[in-house]
Amino acid sequence: MEGDLVQEKTAAKGSRVISRILPAAVRLWLQAQVEHVDNLVFELEGRDREILSGYLPGARVAADRAVYQGLHLSQVQVAAQEIRINLGQVLRGKPLRLQQRFPIVGEVVLREADLAASLQAPLLQEGLRDFLRQLIAVQGADHDLRPYLGALVEENASFQVETVAIAPRQIALTLRPASGAASQPLVLKTDLTVREGHILVLQQPSLQVSPETEPLQLDGFDLDLGPEVNIDALNVTSGQIEINGTVQVVPAD
């Protein structure tokens with residue numbers, strides 16, 4: 001993990017285990033989760049007896065320019081409560097593991113460069129490909145998008161996200177197949193809002209297939225982010241997206 005600064009804090013005092021072993025274990029766990037992070041700060045809360053039993057009443061994490069599974073974030077500020085870990089096994093040299101699900105509440109900020117870099121990652125490219133498949137599927141008979149987007153949604157097809165532009169309430173992506181005969185870039189625009197905390201609403205999407213033609217006005221649709229997500233606020237402003245909400249962290253099997 002690269003980074004300019006890592007700070008460790010704990011609200012509990014008077015224990016060599018807490019002051020040395022636990023922060024080191026948390027740092028190693030965080031390092032295993034991210035590909036890059038700057039200015040990482042984390043704070044653990046709790047009494048000695050609680051923490052030594054593997055119960056963490058609270059934790060706070062802040063970071064700049066974090067990269068997690070290909071997702072680039074300019075800023076992260078989150079807090080978690082009611083965390084239970086296998087501290088007994090950690091003290092015997094085992095990896096840190098979560099014992100139960102818990103909520104993370106906070107804010108993340110993605111700027112245009114973050115989103116452009118994120119969409120180059122294989123995981124997020126597959127997610128974008130799934131999104132384009134849904135966009136094709138929900139259109140009526142008058143809007144057959146397969147001649148334009150078909151080369152992008154084929155299995156294992158690769159494409160480039162040439163530019164990303166974020167305006168108030170709107171995101172625009174310029175897409176081009178990585179190979180093949182198509183040389184004309186496609187510009188996909190959509191307004192973006194959230195409903196019921198976990199449903200992204202794509203309103204008034206459009207696809208410009210040529211600079212010489214008017215954009216095709218398309219039917220919008222919803223994307224369900226799942227029951228573990230609750231977005232309190234989604235602010236799409238000039239140049240960046242701010243997300244405030246809660247995510248339930250589920251331990252790996």
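**Two odd backbone angles, two cores and a helix pair**

With a relative accessibility of 25%, Asn39 counts as partly exposed, since anything between 20% and 50% falls in that class. This comes from a predicted model, and the same goes for everything that follows. Asn39 sits in strand β2, which covers residues 36-45. What sets Asn39 apart is its backbone: phi is positive, at about 55 degrees, even though the residue isn't a glycine. Arg169 does a similar trick, with a positive phi near 70 degrees and, again, no glycine in sight. Arg169, however, is found in the loop between β6 and β7. With a relative accessible area of 45%, Arg169 is partly exposed too.

Stepping back, the protein is built from 6 helices and 13 strands. Of its 253 residues, 37% are buried. Among contacts with a separation of 6 or more, 54% join residues that are 24 or more positions apart.

Now for the inside. In soluble globular proteins, nonpolar side chains tend to be buried together. Here, the largest nonpolar core has 31 residues, and Leu128, Leu132, Leu149, Leu175 and Leu207 have the most contacts inside it. At least two residues of this core come from each of α5, α6 (146-153), β6 (159-167), β7 (170-177), β8 (186-195), β9 (199-208) and β12 (229-237). Helix α5 gives the largest share, with 5 residues. Take Leu149 as a sample: leaving out residues up to four places away in sequence, Leu149 touches Leu132, Leu135, Ile136, Leu186 and Leu207. Apart from this core lies another one, of 23 residues, including Leu44, Leu73, Ala80 and Val108.

Helices α5 and α6 deserve a look of their own. Two packed helices are described by the angle between their axes and the distance between the axes. For α5 and α6, the angle is about 155 degrees and the axes are 10 Å apart. Angles over 145 degrees count as roughly antiparallel, and α5 and α6 therefore fall into that group. Their crossing is left-handed. On the α5 side, the contact is made by Arg129, Leu132, Arg133, Leu135 and Ile136, while α6 brings in Arg146, Leu149, Leu152 and Val153.

Which residues of α6 are buried? They are Leu149, Gly150, Leu152 and Val153. The cover over these buried residues includes α5 as well as β6, β7, β8 and β9. Val153, which belongs to helix α6, has a relative accessibility of 13% and so counts as buried, the cut-off being under 20%. Setting aside its neighbours within four places in sequence, Val153 is in contact with Arg129, Leu132, Arg133 and Ile136. From Val153 to Asp130 the sequence runs 23 residues, yet their C-alpha atoms are 7.4 Å apart in space.

Finally, there's the matter of aromatic rings. A pair of them is described by the distance of the centres and the angle of the planes. The structure has 1 aromatic pair. Its members are Phe131 and Phe221, with ring centres 5.6 Å apart and planes at 25 degrees, so the pair is stacked. The pair ties together distant parts of the chain, as Phe131 is in helix α5 (residues 122-138) and Phe221 is in strand β11 (residues 221-224), 90 residues apart. Are these two rings' residues buried or exposed? Both Phe131 and Phe221 turn out to be buried.

Definitions and conventions:
Residues numbered from 1 in each chain as written. Predicted model: local features only at pLDDT ≥ 70, side-chain atom pairs only at ≥ 80, totals over all residues. Heavy atoms only, no water. Phe/Tyr/Trp six-rings, centres within 6.5 Å; stacked < 30°, edge-to-face > 60°. Helix = DSSP H or I, 4+ residues; strand = E, 2+ residues; numbered from the N terminus. Buried < 20%, exposed > 50% of the residue type's maximum accessible area, 1.4 Å probe, protein only. Core = buried A, V, L, I, M, F, W, Y, C linked by side-chain atoms within 4.5 Å. Contact = heavy atoms within 4.5 Å. Axes fitted to C-alpha atoms, helices over the stretch in contact; angles between N-to-C directions. Parallel < 35°, antiparallel > 145°, perpendicular 65-115°, else oblique. Left-handed = near helix turned anticlockwise from the far one by under 90°.
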